[in-house]
Amino acid sequence: MRALIFHGPGDVRLEEVPRPEPGPGDVLVEVEVALTDGTDLKAFRRGHPVLLGEPPSPFGHEFCGIDTVSGHRVVSANSAPCGECAACRRGQETLCERLYPLLNGAYAELLLVPERIARVNLHRVPRGLAPEIAAMVEPLACCLHGVDRAGVEPGQTVAILGAGPIGLMLCACVADAGARPVVVGGRPERRALAPLFGSTPGDGRGADVVIEAAGTEQAWRDAVELVRPGGTVLFFGGRELAVDTFRLHYEELTLRGAFHHTPRTVRAALAFLASGARPWERLVTHEVSLEGVPGLLADPPPGLLKAAVRP
């Protein structure tokens, strides 16, 4: 079969690789569509020790496809907690000691979902839900987990720094939780989409909760500056940060991180997508073949949010 293989920063090649052979409980999926995302873009540019590991490595992790045995359209998250380790027993499934390796390799004609993931986080797609929308289940599940981690409550003002696909998904999740999302920053054409996802543009100053979803060092600093005294800042990505401990101490700020998703948020994300509550299709702005992925990641076209990759 054909698959994109990551060999190093900026070096992704379309290759002929052996067809996967499923073992007991594994599910072989014929990929209908995979989606690009910001993590893949960063991984293309500089590698990713968690997502990709040591090269050469399969590439891509958001997908929807057909179960080659049942014929059902399915989606899967890229991991599953074991349910047995100390972290899982504490209810902290995203910190599972057996979470890795993550499922990777969606930029291919076929993808093998291992039994440990298929048993927990492989789901049949609801009838009528387009595959390119269903493929958003993993990032939306991460956003739902992030909103949980931030402790968002009805009536609160939540500033979201960044208006990319993750930022707009976070807006939808915050609005669904009964709070008022405000998008801070972002390109004008992306900010224009904010009302479609339940948000309004603004400066975010004095927000009850601030969620950093831009992935820049400046956004991390801005998040701590914008939140009100006694408020909460959620860091959705991972960077080094120097914190103003005066505010942290005297204004009793709460700083939290959010990583990954849980089986509950995966199920909730699929239901949210199927509800049609938001125009999720507006997040898919481009379409490419497997051959077109390296060029798209090397030089993202203007207006790119997510691209549908069709093998």
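Two strands count as paired if DSSP finds at least two bridges between them, and helices (H or I, at least four residues) and strands (E, at least two) are DSSP runs, numbered from the N terminus. The model is a predicted one, so local features need pLDDT of at least 70 and side-chain atom pairs count only at pLDDT 80 or more, while totals for chains, interfaces and linings use all residues. Residues are numbered from 1 along each chain as its sequence is written, and side-chain values use heavy atoms, with hydrogens and water left out.

On that basis, strand β5 (residues 62–67) and strand β6 (residues 73–76) run antiparallel and are joined by three bridges. Ile66 has Arg73 of β6 as its bridge partner. Five residues sit between the two strands of this hairpin, and Gly71 there takes a positive phi near 80°. β6 is also joined to strand β8 (residues 122–124), again by three bridges and in the antiparallel sense. In that pairing, Ser76 stands opposite Leu122 of β8.

An open sheet of three strands comes next, with the order β2-β1-β4 and antiparallel pairing. Its edge strands, each pairing on one side only, are β2 (11–16) and β4. Six bridges hold β1 and β2 in antiparallel register, and Leu4 finds its bridge partner in Leu14 of β2. In the loop between α1 (38–46) and β4 lies Pro56, and the peptide bond from Pro55 to Pro56 is cis, with omega near 0°. A cis bond also runs from Tyr100 to Pro101, with omega near 5°; Pro101 belongs to the loop between α2 (86–89) and β7.

Now for the pockets. On a 1 Å grid over the protein atoms alone, a pocket is an open set of points where a 1.4 Å probe fits, with protein on both sides within 12 Å along at least five of seven lines, and lining residues have an atom within 4 Å of a point. Grid points are joined across faces, edges and corners, and a volume is the space filled by probe spheres set on the points. The second largest pocket holds about 340 Å³ of space. It is lined by 25 residues, and those closest to its centre are Pro58, Phe59, Asn104, Gly105 and Leu111. Two or more lining residues come from each of β1 (2–8), β4 (57–58) and β7 (110–113). By class, the lining of this pocket has 21 nonpolar residues, four polar and no charged (Ala, Val, Leu, Ile, Met, Phe, Trp, Tyr, Cys and Pro count as nonpolar, Asp, Glu, Lys and Arg as charged, and the others, Gly among them, as polar).

What about the cysteines? A disulfide is taken as a pair of cysteine sulfur atoms within 2.5 Å, and by this rule the count comes to zero. The sulfur of Cys85 has its closest cysteine sulfur in Cys88, but at 3.7 Å that is too far for a bond. Likewise, the sulfur of Cys96 lies 3.6 Å from the closest one, in Cys82, which is too far for a bond. Cys85 is buried, at 3% relative accessible area, and Cys96 is buried too, at 5% (buried means under 20%, exposed over 50%, and partly exposed in between, with a 1.4 Å probe and protein chains only).

An open sheet of six strands, paired in parallel, follows the order β11-β10-β9-β12-β13-β14. At its edges are β11 (200–201) and β14 (254–257), each pairing on one side only. Within this sheet, β9 (residues 157–161) and β10 (residues 180–184) share five bridges in the parallel sense, with Thr157 bridged to Arg180 of β10. Helix α6 (residues 165–176) is largely enclosed by the rest of the structure, because nine of its twelve residues are buried. Among them are Leu168, Met169, Cys171 and Cys173. After α6 comes Gly178, with a positive phi near 90°.

Finally, two loops around β14 deserve a look. Glu252, in the loop between α9 and β14, has a positive phi near 50° despite being a residue other than glycine, and is exposed at 61% relative accessible area. Leu253 lies in the loop between α9 (245–250) and β14 but counts as buried, at 9%. On the other side, the loop between β14 and α10 (263–275) contains His260, a non-glycine residue with a positive phi near 70° that counts as buried at 8% relative accessibility.
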